[in-house]
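Work through the exercises below with the sequence and the model open. Each task is followed by a solution in steps.

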Amino acid sequence: MVAGLAVTLFSISTVVAQPRGLLPADAPVVAAPVDPTGMTALQARLERVPGDWTTWNALGDAYLRQSIATADPGYYSRAEGAFARSLELRPEDNDGALTGQGALAGSRHDFGTALSLAQRALDINPYSAAALGVQVDALVELGQYEEAERALQRMLDVKPSTASLARASYYRELHGDISGARLALEDALAFASVESDKMFALQYLGELAFAHGDPTAAVQHYDAGLRLRPDDPALLAARAEARAALGQVAGALEDYENSVARLPDPGHLAEYATLLAAAGRAEEAQQQQQLVRTVYRLLQEGGSAVDLELAYYEAGLGNGDAAVAAAQREYDRRATVHTEDALAYALHVAGRDEEALPHALAAERLSSQNGAFAYHRGLIEAALGMPEARATLQRAVDINPYSTDGVAAAAALAAL
Amino acid sequence: MLGRAAAVVATGAVLLLAVPASPASAHPLGNFTVNHADHLLFTPEAVLLTAVVDRAEIPTAQTLQQIAPDGTPDAGQLASAAADQCTDLAGDLRLTVDGAPVAWTIQATGLDTVPGAANLPTLRLTCDLRAEADLSAPATVAFTDDHLDGPVGWREITADGDGVRLVDSPVPAESPTDQLRSYPEDLLSSPVDVRSFEAATEPGENTGDGGTVAPRSSDPFASAMAALDRRLQEMIGDGDLTPLVGGLALALAVLLGCGHALLPGHGKTVMAAYLAGRAGRPRDAVTVGATVTVTHTVGVLLLGAALSLSSALAGDQVLRWLGVVSGLLVAVIGGFMLRGALRSRTDGAASADRLPEPALAAGVPALSGVSRGPSAVVHDPPTLDGHGHKHDHGHDHGHDHDHGHDHDHDHGHDHDHDHGHDHDHGHDHDHDHDHDHDHDHGHDHDHDHDHDHGHDHEHEHGHGRGAWWSGVHQHGPGGHTHGPGRGGLVGMGIAGGLVPSPSALIVLLASIGLGRTVFGVLLVIAYGLGMAATLTAVGLALVGLRARLDHRLATRRAPGWLRGVARTAPVVTASFVLLVGLGLMARGVVLGA
């Protein structure tokens, strides 16, 4: 659960490395750092040699990584244009452009398209670690875990790197192997040669620590990441959550405020709103909630598939019907442990616990040690009067007593 | 209550991705950006600034909560918010004139809502500011905008003058976005993020376009060369290669080769000095020209092949290394020259008919070569031996696996994967995109050929200096007695051609990348021919000049000072050549580390 984004980001960071040559500085074997200077060299080269499709791929990759590093969408649309240009120039045997487009589709949550693009790239070049990465991500997000494992193993064989190790970590976490997940992430950190990869590894080490009940360690990882880039919105929001769990409410609110001022991510806004409400600042909480709605509306308007997030959001607000509608839409697209959980929780909030139970069980089919899955299942079992509810809720508390789910599970347990 | 899943999936990535899918959005840059445009107008008595802050839908929603909690601001609320925001903004914009900060006064403010995506409003803030400043005399102005530097967005600064001329302004005079109304989507330019600039001003009319005009090189010859270079790269990069275009490209390559030979750098001109100074004959000039051509062509092809085959090889490192080797050669030859010159001086009588060497003519461009050579950008200095290995390595891999483990790990690793792949597909896609350019395109045969050359070349000047040219020396009529003789000529030729012209290398790599390897090789050969023609011509001219001076010294009574110069000049020239060689080496080794 933690690494969903990690995987996307890592995949993008290794889509296409810079071409060798005289112009750009020599790039390390893992993900090359993308600085404006590197892009400038690629741009300058394409000014002179506009027909060089491989450099178009490299430029697309550079833009993509820059858009992630800066969260500047101007680079994102340029990445799209660059890959399209490359494909125009070289329609056949252009696995680099297909891989880039696959990474773009994946980050747009269009996993079916991402999968087919990755497959086309792999038909051209079966040894492309970048294409394998896109394929692994798409398979995981489509719930095809066995195929994902095979692709992941192949990726690790072809190229052990930060990108493949981060995916291995996520895969282990999904299957409940938390210590294995941590080891893989530590390896990923050791492999990371550029700042952005280090930051991602630190962020997901932190999230892994937090998700399994160690907010102090989580804060240490986030602090290490924030030393590399002090205003990174994702790290700030992650640290805010851990600080809030440790009772450092003022620091947490400050982190949230800085994070959403830089990047108004709806998930972070919602967490911020929840914390504001808990701190007794109801009016500000209300404002942030409105913003969340605005952002989701814009995202949907823009064609992004955000139903999964929306389902949790509506369910959290007690809007059962809206939550079920969103969760069902997403579930119809892909049956993953996350969409199972979202649908189960939404159905529970809508009072349809009978229907919810099979989905709650399916959400735990990989034995993920996921506090949210356990909590939602426990709620459903309790609503159905099942005796297992107590053990399930206790398990949710044990996984992470600090998370909002863990706290809520403890309260539900006490109320039984 | 929100599970971690929500936090995980709904991230910036999603926000980013909403962008291209909504082309109708008022903010192609994304609906969470805050975009800035500052337009400065410099007049003799004041600086007028129009600042526009364009908030996309989400920041607008955030801001509107403070302006009008009910979500629909009235005119009064907007007007007072505009005044507040412009006050904040004025505090974040710093302008200095000759280092002294000047204060802004707010002239006019405006805040408008503009409909955006999903029928949500966006906010457009306009602030007209004025700062009193005396620009009736030349001054230096500096401007910095730190307003709202957290959120991402487009940030442009433009500057114009009315009665004040901006000298070499780094920013354009016209807004590229029509003051944030339309954002260009140029795939080859990054989104603008300019937050400060500095320029000199003087009274007069501002006529330039500012920073949009590319700075021109002050050296017209170099700019002409750069223009030709671009033209050639366009030719090989675009469209179909018709015989006409191909022929033109080859002619252009010859021309560029001529130009490369004339541009200062890497001891080419030291070689000319040597040639003229050492009683050279026309045939010697041809020898040097041919050596330069062969060395350069082989060098470029080798390097191109190596760069194509190996992802662990950095072009700039190799260039630096070749620079060091070239410097070493020049220094060795300089040493021989010095020894010979000192011996002649001791002999005394010989000095009477010795020619003053054109030390200045040769030395100045040679020196400028020291300071301008492109070779010095690297780290660990490989040994000559190591250099040879790299080439060998590429070669070996073309055909068998056996030698792979002899060399460094990076190579071994990369190549293993590539190799298998090459067999499957016969072109470039390896696991490690770094090498895309290079692999495919089946130019292995060319490489093999090149590598043979490389071998000979390395071994020969590494170990057998005397052996391979002694025969030639024996046969030369006239029986020169000095120094390394013809060996020196060839050595100078190698030194001159050893450092490949980056432009030839780029042309070759581009051709390989486009699957036109053979054509790329032809272009490189054309480059070499152009260089050879030029260097031979220069050498012949110098030989002719020497002959005339020689004649003059022999037939007429030269003034005493000329004789003095003639006596010391050989030593000076030789020392000079030695120093230049050492300088080239030192630059490569020390500066590049």
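A salt bridge is a side-chain nitrogen of Lys or Arg within 4 Å of a carboxyl oxygen of Asp or Glu. The model used here is predicted.

**Exercise 1. A pair between two helices**

Task: Decide whether A:D255 and A:R239 form a salt bridge, state which parts of chain A they tie together, and classify each residue as buried or exposed.

Solution:
1. The N to O distance between the side chains of A:R239 and A:D255 is 2.8 Å, and the two meet in a salt bridge.
2. A:D255 belongs to helix α14 (residues 249–262) of chain A and A:R239 to helix α13 (residues 233–245) of chain A, so the bridge ties together parts 16 residues apart in sequence.
3. Buried means under 20% relative accessible area. A:D255, at 3%, is therefore buried. A:R239 has 13% and is buried as well.

**Exercise 2. A pair within a network**

Task: Find what A:D307 and A:R329 tie together, and which residues are linked with them in a network.

Solution:
1. A salt bridge joins the side chains of A:D307 and A:R329, at 2.9 Å from N to O.
2. A:D307 is in helix α17 (residues 307–316) of chain A, while A:R329 is in helix α18 (residues 320–333) of chain A, so parts 22 residues apart in sequence are tied together.
3. A:D307 is buried, with 5% relative accessible area, whereas A:R329 is partly exposed at 39%.
4. The network of salt bridges links A:D307 and A:R329 with A:E141, A:E330, A:R333 and A:R334.

**Exercise 3. A pair between a helix and a loop**

Task: Place A:E340 and A:R365 in chain A and give the accessibility class of each.

Solution:
1. The side chains of A:E340 and A:R365 meet in a salt bridge with an N to O distance of 3.9 Å. The cut-off is 4 Å.
2. A:E340 sits in helix α19 (residues 337–349) of chain A, and A:R365 in the loop between α20 (353–363) and α21 (371–383) of chain A, so this pair ties together parts 25 residues apart in sequence.
3. A:E340 counts as buried at 6% relative accessibility. A:R365 is partly exposed at 40%.
4. Over all chains, the count of salt bridges is 27.

**Exercise 4. Two packed helices**

Task: Describe how α7(A) and α8(A) pack, using the angle and the distance between their axes.

Solution:
1. Helix α7 (residues 129–141) and helix α8 (residues 145–158) of chain A have axes 8 Å apart, at an angle of about 160°.
2. That angle makes α7(A) roughly antiparallel to α8(A), and their crossing is left-handed.
3. Residues of α7(A) in the contact include A:L132, A:V136 and A:L139, and those of α8(A) include A:A148, A:L152 and A:M155.
4. By class, the contact of α7(A) with α8(A) has eleven nonpolar, two polar and two charged residues.

**Exercise 5. Positive phi**

Task: Locate A:D93 and B:D98, and compare the phi of each with the general expectation.

Solution:
1. Most residues other than glycine have a negative phi.
2. A:D93 is not a glycine, yet its phi is positive, about 55°. A:D93 lies in the loop between α4 (73–89) and α5 (95–107) of chain A and is partly exposed, with 31% relative accessible area.
3. B:D98 also has a positive phi, near 55°. Its place is the loop between β3 (93–97) and β4 (100–102) of chain B, where B:D98 is exposed at 53% relative accessible area.

Conventions: Residues numbered from 1 in each chain as written. Chains lettered and ligands numbered in written order. Predicted model: local features only at pLDDT ≥ 70, side-chain atom pairs only at ≥ 80, totals over all residues. Heavy atoms only, no water. Axes fitted to C-alpha atoms, helices over the stretch in contact; angles between N-to-C directions. Helix = DSSP H or I, 4+ residues; strand = E, 2+ residues; numbered from the N terminus. Parallel < 35°, antiparallel > 145°, perpendicular 65-115°, else oblique. Left-handed = near helix turned anticlockwise from the far one by under 90°. Contact = heavy atoms within 4.5 Å. Nonpolar A, V, L, I, M, F, W, Y, C, P; charged D, E, K, R; others polar. Buried < 20%, exposed > 50% of the residue type's maximum accessible area, 1.4 Å probe, protein only.
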